[in-house]
Amino acid sequence: DVELHFIDVGQGDSTLIRLQNGKVVLVDAGTDAAGEKVVAYLKSLGITTIDYLIATHPDADHIGGMVDVMRAFKVINFIDSGKVHTSATYERMLEEIIKEEANYKVPEYGEILESDTSSKAYLQILHVNSDANDNNDASLVVGGGYCGTEYLLMGDVSKEIEAELIGTYESFLAQILKAGHHGSNTSSSLEFLKAVNPEAVILSYGQDNAYGHPHNEVLANIQAV
C-alpha cells in the first residue's frame, strides 16, 4: 500500500510518502530546528534512501531541515521549484545538493515522476512556476494516487493558483488534501474545496503561532465540504 505520513514539524511542512513500489518520497523538511526531528522519524521507519526529495518552494519553514536530511540519507533525486531565493537557508541547501551529488531537477508542469497503470498508482507534479511573483505561488503542487484513492499536497499556493489548477485539469478530486499555506485564508477557497471534495483535510501549523493559523474562514470552508 501507499503510506502518507504528515510529520509534526510545528509551523512548517514535511510529508513522507512511501509508494507501492517501495520508493520513498519526502516533500519538504520543516524548519532548520525541525530537521533532526524529521531525520529521527524517517530513521525510526528504517529508511536509508530517499528516492525523491522535493522542495516545494524556498521558504525556510519548508526547506530549513533539508541539509540535515541530505546528510543523514542517500538522496537519489532532488526535485526543486526552481524559484531562486537569496536566503542563507536556500544557499546552504544548494551547497548540500552539490556536495551529495543528488540528481537536481526542476520538473515540467504536469510531469509524472512515477506511474504504474496496473494499480492506478502515480506521483505527479501538478504545478510549477519558477517565475511566480512570490515564493508561495512558485510552490510545487504534488498529486498522487493508488487504486483509486487520490491525494493532493498544495504547498503554499494561493487561491489564484487553486483556481488555475481546477480550470486546467479535467478532474481535481482527491480523498486526502494537505491544505495550502498552513490553513491561511490566502488558500483553501470554498470553490477549490468543493472541486476537490476531500474526505480528510490535513493542516500543518504550530500551536499558538504568530500568524493565527488556521484561520477561521478556512476552517469554515473545510466544514462546509
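This text walks through a predicted model, strand by strand and then loop by loop.

Start at strand β3, which covers residues 24-27. Its side chains split into two sets. V24 and L26 point one way. V25 and V27 point the other way. In a regular strand, side chains alternate between the two faces of the sheet. Are these four residues of β3 buried or exposed? V24, V25, L26 and V27 are all buried.

Now look at the neighbours of β3. Strand β2, residues 15-18, pairs with β3 in the antiparallel sense. The pairing runs over 4 bridges. One bridge can be picked out by name: T15 has V27 of β3 as its partner. β2 and β3 form a hairpin, with 5 residues between the two strands. Find G22 in that turn; its phi is positive, at about 90°.

Strand β4, residues 49-55, also pairs with β3. Here the sense is parallel, and there are 3 bridges. V25 has Y52 of β4 as its bridge partner. L26 has L53 of β4 as its partner. What links the two strands into a unit with a helix? Helix α1, residues 35-44, does so: β3, α1 and β4 make a right-handed β-α-β unit.

Stay with β4 for a moment. The strand is mostly covered, with 6 of its 7 residues buried. β4 has a further parallel partner in strand β5, residues 74-80. The two are joined over 6 bridges. Within this pair, I54 stands opposite I79 of β5.

Next, move along the chain to β9 and β10. How many bridges join these two strands? There are 5, and the strands run antiparallel. G143 stands opposite L152 of β10. β9 and β10 form a hairpin with 2 residues between the strands. In this hairpin, C147 takes a positive phi near 55°.

β10 has a parallel partner too. Strand β11, residues 176-178, pairs with β10 over 3 bridges. Y151 stands opposite I176 of β11. Helix α5, residues 159-168, completes the arrangement: β10, α5 and β11 make a right-handed β-α-β unit.

Now turn to open space. Rolling a probe the size of a water molecule over the atoms shows where empty space is left. The largest pocket holds about 200 Å³ of space. Which elements give two or more residues to the lining of this pocket? They are β8 (121-127), β9 (141-146) and β10 (149-153). The lining has 13 residues. Those nearest the centre of the pocket are Y122, L126, E150, S171 and L173. By class, the lining has 8 nonpolar, 4 polar and 1 charged residues.

The loops come next. Most residues other than glycine have a negative phi, and most peptide bonds are trans. The following residues are worth checking with that in mind.

D28 lies in the loop between β3 and α1. Its phi is positive, at about 70°, although D28 is not a glycine. D28 has 1% relative accessibility, so it counts as buried.

E101 sits in the loop between α4 (88-100) and β6 (103-105). E101 is not a glycine either, and its phi is positive, near 60°. Why does E101 count as exposed? Its relative accessible area is 71%, and the cut-off for exposed is over 50%.

The loop between β12 (200-202) and α7 (216-224) holds S204. P214 lies in the loop between β12 and α7 as well. A cis peptide bond joins H213 and P214, with omega at about 0°. S204 is buried, because its relative accessible area is 13% and the cut-off for buried is under 20%. What lies 2.6 Å from a polar atom of the S204 side chain? It is the backbone oxygen of G12.

Finish with H182, in the loop between β11 and α6 (190-196). H182 counts as buried because its relative accessibility is 1%. Compare its place with that of E108. The two residues are 74 apart along the chain, and their C-alpha atoms are separated by 25 Å.

Methods. Residues are numbered from 1 along each chain as its sequence is written. This is a predicted model: local features need pLDDT of at least 70, side-chain atom pairs count only at pLDDT 80 or more; totals for chains, interfaces and linings use all residues. Side-chain values use heavy atoms; hydrogens and water are left out. Buried means under 20% relative accessible area, exposed over 50%, partly exposed in between (1.4 Å probe, protein chains only). Two strands pair if DSSP finds at least two bridges between them. A crossover is right-handed if, with the strands pointing away from the viewer, the path from the first strand over the helix to the second runs clockwise. On a 1 Å grid over the protein atoms alone, a cavity is a set of points where a 1.4 Å probe fits but cannot get out, and a pocket is an open set with protein on both sides within 12 Å along at least five of seven lines; lining residues have an atom within 4 Å of a point. Grid points are joined across faces, edges and corners, and a volume is the space filled by probe spheres set on the points. Ala, Val, Leu, Ile, Met, Phe, Trp, Tyr, Cys and Pro count as nonpolar, Asp, Glu, Lys and Arg as charged, and the others, Gly among them, as polar. A polar contact is a pair of N or O atoms within 3.5 Å; within protein, one must be able to donate a hydrogen and the other to accept it, and residues adjacent in sequence count only if both atoms are side-chain atoms.
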